[in-house]
Amino acid sequence: MARVTAGVFTSHVPAIGAAMDLGRTEEPYWQPLFSGYEFSRRWIAANRPDVVVLVFNDHATAFSLDMIPTFAIGCAERFEPADEGWGPRKVPTVHGHPELAAHIAQSVILDEFDLTIINKMDVDHGLTVPMSLMFGQPEAWPCKVIPLAVNVVQYPPPTGHRCWRLGQAIRRAIDSFDGDLNVQVWGTGGMSHQLQGPRAGLINKAFDNRFLDRLPGDAAGLAQIPHIDYVREAGSEGIELVMWLIARGALDETVLETHRFYHVPASNTAVGHMILENRSQS
Ligand code: DHB
Ligand code: FE
């Protein structure tokens with residue numbers, strides 16, 4: 001049977017991808033950020049997933065304001081890196097897992113979570129930067145990826161509580177897939193940042209660290225945070241953190257905190273990163 005073994009949580013700042021692509025990771029500005037992922041690279045080499053369900057948001061790249069699915073699952077064989085204005089990143093094509101994706105879609109939709117089914121989509125920094133952070137710069141990505149896109153760009157995004165419960169439904173779906181697969185679920189985006197308006201540049205270290213404190217053992221409590229608190233405390237783009245609750249919802253209630261890292265700044269963003277492992281797998 002397929003089993004969920006771990007969750008990876010990380011910010012997805014586009015400048016991190018550019019720093020890697022341009023060979024600037026050893027520069028004084030970037031070195032402390034990348035040092036926080038050295039453990040993660042060793043960990044994932046030793047705990048390589050067959051499939052990652054990668055929860056991310058599209059930043060008006062694949063979707064425009066013409067069509068805004070709240071939750072969308074990528075069921076395609078492959079997803080190309082998107083052109084975000086400077087040409088597509090020179091990172092490998094992302095290969096999907098259509099069978100597991102279709103199974104998740106069926107299971108979750110019949111479980112009363114209405115996913116949009118995507119059969120063709122390019123993937124932007126929200127997905128490719130976490131892949132680069134965890135896997136470096138390989139010729140080909142070492143696992144399959146099922147993109148799970150969440151609207152956090154155009155109001156109203158889903159509530160944290162809805163996201164957490166969707167994660168639980170995704171877990172039930174993976175548990176019922178008849179295939180021997182090691183599956184990880186990743187949550188991306190955050191932490192505090194605001195890219196626009198008078199509060200552009202906002203960072204809230206206290207809010208972010210409290211969120212990291214509570215993620216392993218108090219996801220139910222985090223799921224109660226209303227939108228307005230994310231916006232007030234973590235900035236307009238801090239709402240991306242609801243995506244972490246989908247990944248957390250797919251894990252066991254009790255998890256092992258394998259790794260935790262927090263760094264300010266990376267571009268305009270506070271970078272948070274955590275690895276949680278299911279105890280039942282260890
Ligand atoms: C930045 C952060 C993001 O999450 C994003 O999607 C785009 C830009 C930034 O900090 O520059
Ligand atoms: Fe973002």
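The following paragraphs describe the metal site, the ligand surroundings, the nonpolar cores and one buried strand residue of a predicted model. Residues are numbered from 1 along each chain as its sequence is written, while chains are lettered from A and ligands numbered from 1 in the order in which they are written. Local features need pLDDT of at least 70, side-chain atom pairs count only at pLDDT 80 or more, totals for chains, interfaces and linings use all residues, and side-chain values use heavy atoms, with hydrogens and water left out.

The iron ion (ligand 2) has as its protein donors His12 (NE2), His59 (NE2) and Glu240 (OE), at 2.0 to 2.2 Å; donors are N, O and S atoms within 2.8 Å of the metal (3.2 Å for Na, K and Ca), and since water is not among the atoms, sites may look incomplete. The sequence spacing of these donor residues is H-x46-H-x180-E. His12 lies in the loop between strand E1 (3-10) and helix H1 (14-21), and His59, 47 residues apart from it, in the loop between strand E2 (51-56) and strand E3 (71-74), where helices (H or I, at least four residues) and strands (E, at least two) are DSSP runs numbered from the N terminus. His12 is buried, at 3% relative accessible area, whereas His59, at 24%, is partly exposed; buried means under 20%, exposed over 50% and partly exposed in between (1.4 Å probe, protein chains only).

The residues surrounding ligand 1, each with a heavy atom within 4 Å of it, include His12, His59, His125, His193, Glu240 and Asn268. Oxygen atoms of ligand 1 take part in polar contacts (pairs of N or O atoms within 3.5 Å), with a distance of 2.7 Å to an N or O atom in the side chain of His59, 2.9 Å to a polar side-chain atom of His193 and 3.3 Å to one of Glu240. Of the 290 Å² of accessible area that ligand 1 has on its own, the protein covers 89% (Shrake-Rupley method, 1.4 Å probe).

The largest nonpolar core, a set of buried Ala, Val, Leu, Ile, Met, Phe, Trp, Tyr and Cys residues joined through side-chain atoms within 4.5 Å, has 57 residues, of which Ile104 and Phe211 touch the most other members. Helix H6 (residues 160-175) gives the most to this core, with 7 residues. Beyond four places in sequence, Phe211 is in contact (heavy atoms within 4.5 Å) with Met191, Leu222, Ile225, Tyr230, Leu241, Trp244 and Leu245.

Asn182, in strand E8 (residues 182-188), is buried at 14% relative accessibility.

Technical notes. A polar contact is a pair of N or O atoms within 3.5 Å; within protein, one must be able to donate a hydrogen and the other to accept it, and residues adjacent in sequence count only if both atoms are side-chain atoms.
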